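Colleague: I should like to learn how a protein model is read, step by step. May we go through one together?

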Amino acid sequence: MMKRLMPTFNRILVQKVIQPAKTESGILLPEKSSKLNSGRVVAVGPGSRDKDGKLIPVSVKEGDTVLLPEYGGTQVKLGENE
């Protein structure tokens with residue numbers, strides 16, 4: 001049974017986007033052009049709280065495209081998706 005991952009506080013869940021190796025017209029792209037780590041935001045936590053207890057919302061929303069750091073974050077494998 002597969003459970004849905006729900007981020008807490010100000011965390012987000014990002015699915016890494018794999019860049020295509022060639023264009024729609026069939027031109028092969030060099031490996032250096034696909035080095036950009038980007039991902040699509042799948043889920044967003046509610047945000048964090050300040051000293052007074054007020055909710056500070058997260059600045060990204062589901063469906064946004066974000067850049068990923070090379071060694072940041074935690075990798076999670078859920079089924080066949082990573």
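Modeller: The discussion below takes up the strands, then two residues, then a pocket. Please keep in mind that this is a predicted model.

Colleague: Let us begin with the overall make-up. How many helices and how many strands does the chain have?

Modeller: The secondary structure amounts to zero helices and five strands. Followed along the sequence, the pattern reads β-β-β-β-β.

Colleague: What is the order of the strands in the open sheet, and in which sense do they pair?

Modeller: A general idea is useful here: in a regular strand, side chains alternate between the two faces of the sheet. In this structure, three strands form an open sheet in the order 1-2-5, and their pairing is antiparallel. Strand 1 and strand 5 (65-67) are at the edges with a single partner strand each, so each has one side without a neighbour in the sheet. On average, neighbouring strands of this sheet are turned by 45° against each other, direction ignored.

Colleague: How many bridges join strand 1 and strand 2, and which residues are examples of partners?

Modeller: Strand 1 and strand 2 are paired over six bridges in the antiparallel sense. I12 has V44 of strand 2 as its bridge partner, and Q15 has R40 of strand 2.

Colleague: Which residue of strand 5 is the bridge partner of R40?

Modeller: That partner is T65. Strand 2 and strand 5 pair over three bridges, again in the antiparallel sense.

Colleague: Let us turn to single residues. Is S38 buried or exposed?

Modeller: The cut-off for buried is under 20% relative accessible area. S38 counts as buried because its relative accessibility is 8%. This residue is found in strand 2. Leaving aside residues up to four places away in sequence, S38 touches K16, V17, Q19, T65, V66, L67 and L68. For the chain as a whole, buried residues make up 10% of the 82 residues.

Colleague: Q19 appears among those contacts. Where is Q19 placed, and how is its accessibility classed?

Modeller: Q19 lies in the loop between strand 1 and strand 2. With 31% relative accessibility, Q19 counts as partly exposed. Q19 and N37 are separated by 18 residues in sequence, and their C-alpha atoms are 8.8 Å apart in space.

Colleague: What share of the contacts joins residues 24 or more positions apart?

Modeller: Among contacts in the chain with a separation of 6 or more, 55% are between residues 24 or more positions apart.

Colleague: My last topic is the empty space. How much space lies in the largest pocket, and which residues are closest to its centre?

Modeller: In general, rolling a probe the size of a water molecule over the atoms shows where empty space is left. Here the largest pocket holds about 960 Å³ of space. It is lined by 25 residues, and L13, V14, T74, Q75 and V76 are the closest to its centre. The elements that give two or more residues to this lining are strand 1 (12-17) and strand 2 (38-44).

Colleague: Which strand gives the most to the lining, and how do the lining residues divide by type?

Modeller: Strand 1 gives the most, with five residues. By type, the lining of the largest pocket consists of 13 nonpolar, seven polar and five charged residues.

Note on methods:
Residues are numbered from 1 along each chain as its sequence is written. This is a predicted model: local features need pLDDT of at least 70, side-chain atom pairs count only at pLDDT 80 or more; totals for chains, interfaces and linings use all residues. Side-chain values use heavy atoms; hydrogens and water are left out. On a 1 Å grid over the protein atoms alone, a cavity is a set of points where a 1.4 Å probe fits but cannot get out, and a pocket is an open set with protein on both sides within 12 Å along at least five of seven lines; lining residues have an atom within 4 Å of a point. Grid points are joined across faces, edges and corners, and a volume is the space filled by probe spheres set on the points. Helices (H or I, at least four residues) and strands (E, at least two) are DSSP runs, numbered from the N terminus. Ala, Val, Leu, Ile, Met, Phe, Trp, Tyr, Cys and Pro count as nonpolar, Asp, Glu, Lys and Arg as charged, and the others, Gly among them, as polar. Buried means under 20% relative accessible area, exposed over 50%, partly exposed in between (1.4 Å probe, protein chains only). Contact means heavy atoms within 4.5 Å. Two strands pair if DSSP finds at least two bridges between them. Axes are lines fitted to C-alpha atoms, for helices over the stretch in contact, and angles run from 0 to 180 degrees between N-to-C directions.
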